[in-house]
Amino acid sequence: MSVQQPKTLAIIGQGYVGLPLAMAAIDAGWTVIGVDNFEAKVSQINRGSSPVEDISDAQLQAAILKGVYKATTDFSAVSQASVITICVPTPLDEKRQPDLTLLRSAAIGIAPFVSNETLVVSESTSYPGTLRDIIIPVVNSLKPRDSLKVYFASAPERVNPGDPIWNQKNTPRLVGAIDEESQQRALAFYGSICDAAVSVSTPEVAEAAKLLENTFRLVNIALINEFTQLCSASGINVHEVIDAASSKPYGFMPFRPGVGVGGHCIPVDPLYLTWWARQNGVAAAFVESADSINHAMPKYVARRALSMVDVSIKHPKVLILGVAYKSGVGDVRETPVSELRDYLKSQGAEVAWHDPLVPVWEGSNPVDLDWNCDVAILATKQPGMQFNKLLTKGIQILDCTNSIEGQTGVKSI
Ligand SMILES: NC(=O)c1ccc[n+]([C@@H]2O[C@H](COP(=O)([O-])OP(=O)(O)OC[C@H]3O[C@@H](n4cnc5c(N)ncnc54)[C@H](O)[C@@H]3O)[C@@H](O)[C@H]2O)c1
């Protein structure tokens, strides 16, 4: 077994969270071992090809060339690390309940190789108690005998992929550890890579704060999605209303309507919260209601788009523009556009899609903008999307993104 090296960080999971964290740590003078159990991804990364938009191939290649970064599938490499962060997915299972299988397997994977005095941090989003009740018992029961002291903290990741302003360095990081020594080590680690590390009293506070942050977004998006339907029913443009309300300098924050919520976090994390609430004998009724409103949006959008097609057309051709869950990324996880497509099809529509950042989606290929359609739905505005082509051809567009202004043939949701 190799010996622990100072300023060596092992990151478990090299995805949207793990790889940007690796590059931020390298910028701060750390050497990083990126562990991932997906062999093809590890090979791709080691060839210098970045799997995430926020990290360029050039940045990755420079780190590899300098000898300060390497990806591996071999968990034994973590024995060299003084800090190990866990950045693996925390999805929902088929009952839409927390599925910690990957988190548990990451903890099992590192445990036999955790050196004495290593700091283990969970960055994955989960319900309060995950670090203390799941990760720590696994690591402590399987760690090497001579690893007498292992430090533990929770520091939930807040990265917003594709965000040009907020990144690993300038986004303050919450840190909550199980004891004072762990807290000091975790604060020192995040203090070395982030501009600000914010100390909280326990890992549970950090875990709960992360769920609050994302639930805040979910319920506000649901509110605006509901409000949109109210405005639309009485012929008011919701975007003008949001802009008007935004002129209030305090107590209001604008959210925009859309096809629904997608991605790895906003549709998922609040269900960790509702599950956790139920475990504690309380109901998170407000959050559950917000979840249902967002889930109903794809149907609402589909109905609005179909209402723009001449009734004599029995099988309208609908082109969906943008299938990624948000602008600027090719990430289609939990995209609400899947439900939109399925509902349109169930209503007899022929559906095609176009997204410059998504080469293949659920086994189907994109079409180009020459595809002949009766109506188009701008679901996600991607950079470089030439939807003006459609307008020139006189095709009507239902704009769910508030990005086409004052054009004939365009309706806003
Ligand atoms: N993506 C975001 O915007 C974002 C933001 C904040 C927090 N988070 C949270 O961060 C965590 C990671 O999310 P992500 O978006 O980076 O996921 P991701 O799918 O992009 O990357 C996770 C990586 O972990 C690997 N992996 C899975 N199980 C593993 C295991 N047992 N051992 C080693 N590698 C394993 C996968 O192969 C994958 O490459 C989740 O809890 C998520 O909720 C994500």
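Biologist: Let's start with one residue: where is Glu117 found?

Modeller: In this predicted model, Glu117 is found in the loop between helix 4 and strand 5 (119-122).

Biologist: Why is Glu117 called partly exposed?

Modeller: Glu117 has 14 other C-beta atoms within 10 Å. A buried residue needs 20 or more, and an exposed one has 12 or fewer. The value for Glu117 lies in between, so Glu117 is partly exposed.

Biologist: What is the phi of Glu117?

Modeller: Glu117 has a positive phi of about 65°, although it is not a glycine. Arg96, also not a glycine, has a positive phi of about 60°. You will find Arg96 in the loop between strand 4 (83-86) and helix 4 (101-110).

Biologist: And what makes Arg96 partly exposed?

Modeller: The reasoning runs as before: 14 other C-beta atoms lie within 10 Å of Arg96. That count falls between the limits of 12 and 20, so Arg96 is partly exposed.

Biologist: Now to a helix. Why does Val42 count as partly exposed?

Modeller: Val42, whose place is in helix 2 (residues 39-46), has 19 C-beta neighbours inside 10 Å. Buried starts at 20, so Val42 counts as partly exposed.

Biologist: Which residues is Val42 in contact with, leaving aside its neighbours within four places in sequence?

Modeller: Those contacts of Val42 are Asp36, Ala71, Thr72 and Thr73. As for Lys70, Val42 is 28 residues from it in sequence, and 8.9 Å separate the two C-alpha atoms in space.

Biologist: Let's step back to the whole chain. What is it built from?

Modeller: The protein chain has twelve helices and 13 strands.

Biologist: How do you know that the chain is as compact as a globular protein of that length?

Modeller: Its radius of gyration is 23 Å, and the globule rule gives 22 Å for 413 residues. The two values are close, so the chain is as compact as a globular protein of that length. Its C-alpha atoms fill a box of roughly 75 × 50 × 40 Å along the principal axes, and buried residues make up 42% of the 413 residues.

Biologist: How is the chain divided into domains?

Modeller: There is domain 1 (8-201) and domain 2 (214-412), with 33 Å between their centres, taken over C-alpha atoms. Where they touch, 13 residues of domain 1 are in contact with 14 residues of domain 2. That side of domain 1 has seven nonpolar, four polar and two charged residues.

Biologist: Which residues touch the most other members of the largest nonpolar core?

Modeller: Ile12 and Ile110 do, in a core of 57 residues. Helix 1 (residues 18-27) gives the most to this core, with six residues. Apart from this core lies another one of 36 residues, among them Tyr300, Val323, Trp353 and Leu398.

Biologist: What makes Ile12 a member of a nonpolar core?

Modeller: A core member must be a buried residue of a nonpolar kind, joined to others through C-beta atoms within 7 Å. Ile12 belongs to the largest core, and leaving aside neighbours within four places in sequence, its contacts include Val35, Ile84, Ala106 and Ile110.

Biologist: Last one: which residues of the shell around the ligand are closest?

Modeller: Of the 28 residues that surround the ligand, the closest are Gly13, Gly15, Val17, Phe38 and Ser124. Helix 4 gives the most to this shell, with four residues. By kind, the shell has 13 nonpolar, eleven polar and four charged residues.

Notes
Residues numbered from 1 in each chain as written. Predicted model: local features only at pLDDT ≥ 70, side-chain atom pairs only at ≥ 80, totals over all residues. Helix = DSSP H or I, 4+ residues; strand = E, 2+ residues; numbered from the N terminus. Rg over C-alpha atoms; globule rule 2.2 N^0.38 Å. Near = placed C-beta within 6 Å. Nonpolar A, V, L, I, M, F, W, Y, C, P; charged D, E, K, R; others polar. Domains from an automatic or database assignment. Contact = placed C-beta atoms within 7 Å.
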